Amino acid sequence: MVVSWYRRNLGTQFEVSPMPWLYQEYVGHDNNRDGYMLNMLESQVVTRTEIEYSPIIFYCQHQTAPFPARIWIPPFADPISSNISPYMRSWLNVVGTQMSAALQEQHLPGAISQAEYDNWYPGFLDFTHVFRNEISFFTETALYRYATPRFYTVNDFPKPSQDLKALTMYTDPWQGGWWRLGDAMKYMVAASMSVLDTASKYREQLLYNRWQAAHDNIEHFKHSAPFAYVLPNPQADTPEAALLAQKLIDNGLEVHRASRSFRANGIDYPAGSWVVLMDQPFSGLAKELFEAQHYPQAFFDASGKPEKLPYDVTGWTLPMQMGVRVDAVTDPVSEDQRSALEIVSKIDPPSVSIEGAGPTFALSHKPNASFMAVNDILAAGGSIAFSRDELQTSEGPESGAFIVTGIGREKLLSIAQKYGVGVVSISRTPQTIAIHKARVGLYRPWAPSIDEGWTRWILEKYGFAPESLYNAGVKAGNLRARFDTIILPDMSKTQLTDGFKLGLVPSEYAGGIDTDGIANLREFVRQGGTLVAFNQTSSSLIDLFGLPVTNILAGAKPDEFFCSGALLRIELKDPSRPSLYGLPADPIVMFERGPAFAPKPGFTGAILATYPAGTNSLASGVLLHPEKIEGQAAAVELAFGKGHIFLYGFKPQWRAQSHGSYKFFMNSLYRYEEPPFSEVSVAKAAQADKSKAKAASSDEDDDEMNDE
């Protein structure tokens, strides 16, 4: 794909123009951030092959190095996870220093270590293997654009690098000159040969270290908590719990199933519950994925600020993200308890049935899998409604359950069994809101958005059949005739409105939706359409649509508020809204450099969720100055003409990991009559300082879009 684009433009003014689509169909460079979730087929193949082959070293080559360095090599920058074996941590450094010496020996200057890259996030596909006791790492080799050469002078370097002074982790600064694809290849080959040489010289020691790391894990968790993790079965979203258990198996971890009920930590668990015993070789990965993340104290200065601000997410705790209950066992697991467990190689869908008799059925709104079932039911000609009354479902009493009619019992049972969702026949007809499948449009910019790709993958997987909506389609207008709901994924305001600058790419890929597109989106909502915006895009819409909402984080500097990616707890404020059906009262969401909202005079709509007032909302990761968002809105729904606008100040579908917050946007992907809004009080303090509103974080430009 990349080679084809380059060859198409070679020798033209667009020779080094950025490619106007993701280089992986759905997730682009996030194909390297799918290391434990294994959503993409490529990630599954790499991980399965790595587990079967079981190498001592896993080395992946990337581009590009921090300029003007020619290659980035280990050691990594701090922080590093303590769930990685110290043997792997130490030998990551050894491999890197051996590589540095080899490059120096071959007169290849410009190798740098530490610098930008830490290995805190475990989801890098080329790094997750380190939790399976492999020396797993990457390097970053410099390249200008594709295979086009470039001559650099010292004046092209950043100011701090122009003195060409050596540093401890940059021992031989590059002096500038020509840089060609062949030069990059020399560095990559030299680095690879160094790794092979190190592996050959220390083969026995490296093999022994791998055994020792596994042995240490087993012995440690025989005597230290957590001794195990339990995923109760059933629970609020049992299919999600089953999926999480399968993800662990796919990552090489042993998972057991309880053949009978058992007791642990003073809690009785039913037969069928899944158990991860921690005295196994790769147990550090289970701990890494299940525990809340906290930066090492040594990494904070006296003011409580990290010495270096993180560049990627800092919290990813999977049970929190997926909305799955996972209990850590803090007491040793006895032989009697172990006798109740049997190892499983594959997690089967939960066994379900249809309880009761009658033509009307209730499907719980709590499992995410219910959305797939609902879409299959609609496709089969059945009818669906939201229940406004509380009624009994297979998951207990709830409001907002899916009411199913117009489909045969046998067909419904086959759909329910396919997705592992229980069905209950109900004797009375509750008050309902009829729903219909919406025609969903997903904005797909030519300045490609990874968030769009993730969203598209999720919607296709769940059966929502989104239609990609490009710039021309938005600017052509008449959107209400084609769509009921349009989703604007996370992107900067420039990416949305301006796109790639004319002259940077061929004309058919230049530009964004511009003012005509914004006007057409406004008209779409006024005519009764639903517009859904994620994260930074929701902040952009405030100004572009003139909405009576303030982004209270607009212009906030890191010493006022900072969150590069962490799990935050929010509180539902109006659970009677259909957009919140199926969610718990205090869901956890992924906040990644997003906005927070306060209503202004003229606001008509609902505050869907807020950050807790008077308490820190942080659940996992790093959040600086949490007081800035305490009590502020995390998600709002606004009336706009005959339609509705949903603004989410977080990513409810982050990297297809935040399953626990999917319902925030999936509920809006059906057509239904919205109930009337309650009055929302507007605090005087919510009338934002105009000078701050001009500096919205969503206006940060992507260099590629304006670089000629």
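**Fold, sheets and a surface patch**

The protein has 19 helices and 35 strands. The model is predicted. Its C-alpha trace spans about 80 × 70 × 50 Å along the principal axes. The radius of gyration is 27 Å. A compact globule of 708 residues would have a value near 27 Å, so the protein agrees with that expectation.

Two open sheets are described here, beginning with the one at lower residue numbers. Strands 1, 4, 2 and 3 form an open sheet, in the order 1-4-2-3. Pairing within this sheet of 4 strands is mixed. Strand 1 (57-62) and strand 3 (111-119) are the edge strands. Each of these two pairs on one side only. From one strand to the next, the twist averages 35 degrees.

Inside this sheet, strand 2 (residues 71-80) and strand 4 (residues 135-141) run antiparallel. The two are joined by 2 bridges. Trp-72 stands opposite Glu-140, a residue of strand 4. A helix also covers part of the picture: helix 3 (residues 86-105) packs on the sheet. Helix 3 touches strand 2, strand 3 and strand 4. The direction of helix 3 makes about 155 degrees with that of strand 2.

The other open sheet has 3 strands, in the order 29-27-32. Here the pairing is antiparallel. Strand 29 (588-591) and strand 32 (618-620) stand at the edges. Each has a single partner strand, so one side of each is left without a neighbour in the sheet. The twist in this sheet averages 45 degrees from one strand to the next.

Strand 27 (residues 566-569) is joined to strand 32 by 2 bridges. These two strands run antiparallel. Leu-567 has Ser-620, in strand 32, as its bridge partner.

Outside the sheets, a nonpolar patch was identified on the surface. Leu-181, Met-185, Val-189, Met-193 and Leu-196 make up this patch. Its area is about 470 Å². One of its residues, Met-193, is found in helix 4. Helix 4 comprises residues 181-201.

Note on methods: Residues are numbered from 1 along each chain as its sequence is written. This is a predicted model: local features need pLDDT of at least 70, side-chain atom pairs count only at pLDDT 80 or more; totals for chains, interfaces and linings use all residues. Side-chain values use heavy atoms; hydrogens and water are left out. Patches are made of residues with over 30% relative accessible area and no salt bridge: like charges are joined within 9 Å, nonpolar side chains (Val, Leu, Ile, Met, Phe, Trp, Tyr) within 5 Å. Accessible areas come from the Shrake-Rupley method with a 1.4 Å probe; for residues, only the protein chains shown count as cover. A salt bridge is a side-chain nitrogen of Lys or Arg within 4 Å of a carboxyl oxygen of Asp or Glu. Two strands pair if DSSP finds at least two bridges between them. Axes are lines fitted to C-alpha atoms, for helices over the stretch in contact, and angles run from 0 to 180 degrees between N-to-C directions. Contact means heavy atoms within 4.5 Å. The radius of gyration is taken over C-alpha atoms; the globule rule is 2.2 Å times the number of residues to the power 0.38.
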